[in-house]
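Here are a few notes to read alongside the model, written for someone opening it for the first time. Take them one by one, with the structure in view.

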Amino acid sequence: MNAIELGKRIKEARIAKKMTQSELVGDFITRNMLSQIENGSATPSIKTLTYLCEVLEVPLNELMLNPTEGALSQLVAAKRYLSNGDDREIIEMEECYPPELSDEFFALLSYAYRNLSKKMLESDHYLEAAHFAQKSIEYAGKGIYANDMIKSESILLLKQITEKYNSV
């Protein structure tokens, strides 16, 4: 995705909504950062881009010059997050993953939620651990990459969480 073209599309969407830069950024990022994004000298994070899309009421794909290229970039980023253990970054992408790659994102989300469930269990945050395990089970059963191993692991994890919770 070209940063200059993305910035131009964000600016066009902002002007179409008759918003100033300050109105668009609110307390999320600085006006200066938005200016850099709009002129193409900075690229927004997925979190920032999602925020801007929400405020502008514009679908993420509408801002992308080449949706397929943008989708592949998101997938590469999500895979990098998973390999680096940045599971929460993948989950932040949950609301804006490209529909054409939904099967791939279902698989990545199942792993990310399973990993977070394990971390929450280790730190005795049982309710969060159970929630994440349930989300992992849900995503592990979706799409062409449905993964019975992750689903089974998450079911066992949910059982462990329940046992630990009940023993407290």
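1. Please start at the loop that joins helix 1 (3-16) to helix 2 (21-25), where you will find Lys 18. The model is a predicted one, and in it Lys 18 shows a positive phi of about 55° without being a glycine. Residues other than glycine mostly have a negative phi. Lys 18 has a relative accessible area of 76%, which is over the 50% cut-off, so this residue counts as exposed.

2. Now move along to the loop between helix 8 and helix 9, the home of Asp 124. Asp 124, just after helix 8, is not a glycine either, yet its phi is positive, at about 60°. Is Asp 124 buried, exposed or partly exposed? With a relative accessible area of 44%, Asp 124 is partly exposed, because partly exposed covers the range between 20% and 50%.

3. Helix 8 itself deserves a look. Its 21 residues span 30 Å from the first C-alpha to the last, close to the 30 Å expected at 1.5 Å a residue. Of those 21 residues, 15 are buried, so helix 8 is largely enclosed by the rest of the structure.

4. How do helix 8 and helix 9 pack? Helix 8 covers residues 102-122 and helix 9 covers residues 126-140; the angle between them is about 160°, and their axes lie 7 Å apart. An angle over 145 degrees counts as roughly antiparallel, and the two helices are therefore roughly antiparallel to each other. The crossing of helix 8 past helix 9 is left-handed.

5. Which residues meet in this pairing? From helix 8 come Phe 106, Leu 109, Ser 110, Tyr 113, Arg 114, Leu 116, Ser 117, Met 120 and Leu 121. Their partners in helix 9 are Tyr 126, Glu 128, Ala 129, Phe 132, Ala 133, Lys 135, Ser 136, Tyr 139 and Ala 140. Sorted by class, the contact of helix 8 with helix 9 holds 12 nonpolar, three polar and three charged residues.

6. Finally, do pick out Ser 136, which sits in helix 9. Its relative accessibility is 0%, so Ser 136 counts as buried. Leaving aside residues up to four places away in sequence, Ser 136 touches Ser 110, Tyr 113, Arg 114, Ile 150 and Ser 154. Among these, Ser 110, Tyr 113 and Arg 114 belong to the helix 8 side of the pairing described above.

Note on methods. Residues are numbered from 1 along each chain as its sequence is written. This is a predicted model: local features need pLDDT of at least 70, side-chain atom pairs count only at pLDDT 80 or more; totals for chains, interfaces and linings use all residues. Side-chain values use heavy atoms; hydrogens and water are left out. Axes are lines fitted to C-alpha atoms, for helices over the stretch in contact, and angles run from 0 to 180 degrees between N-to-C directions. Helices (H or I, at least four residues) and strands (E, at least two) are DSSP runs, numbered from the N terminus. Angles under 35 degrees count as roughly parallel, over 145 as roughly antiparallel, 65 to 115 as roughly perpendicular and the rest as oblique. A crossing is left-handed if the near helix is turned anticlockwise from the far one by less than a right angle, and right-handed if clockwise. Contact means heavy atoms within 4.5 Å. Ala, Val, Leu, Ile, Met, Phe, Trp, Tyr, Cys and Pro count as nonpolar, Asp, Glu, Lys and Arg as charged, and the others, Gly among them, as polar. The expected span of a helix is 1.5 Å times one less than its number of residues. Buried means under 20% relative accessible area, exposed over 50%, partly exposed in between (1.4 Å probe, protein chains only).
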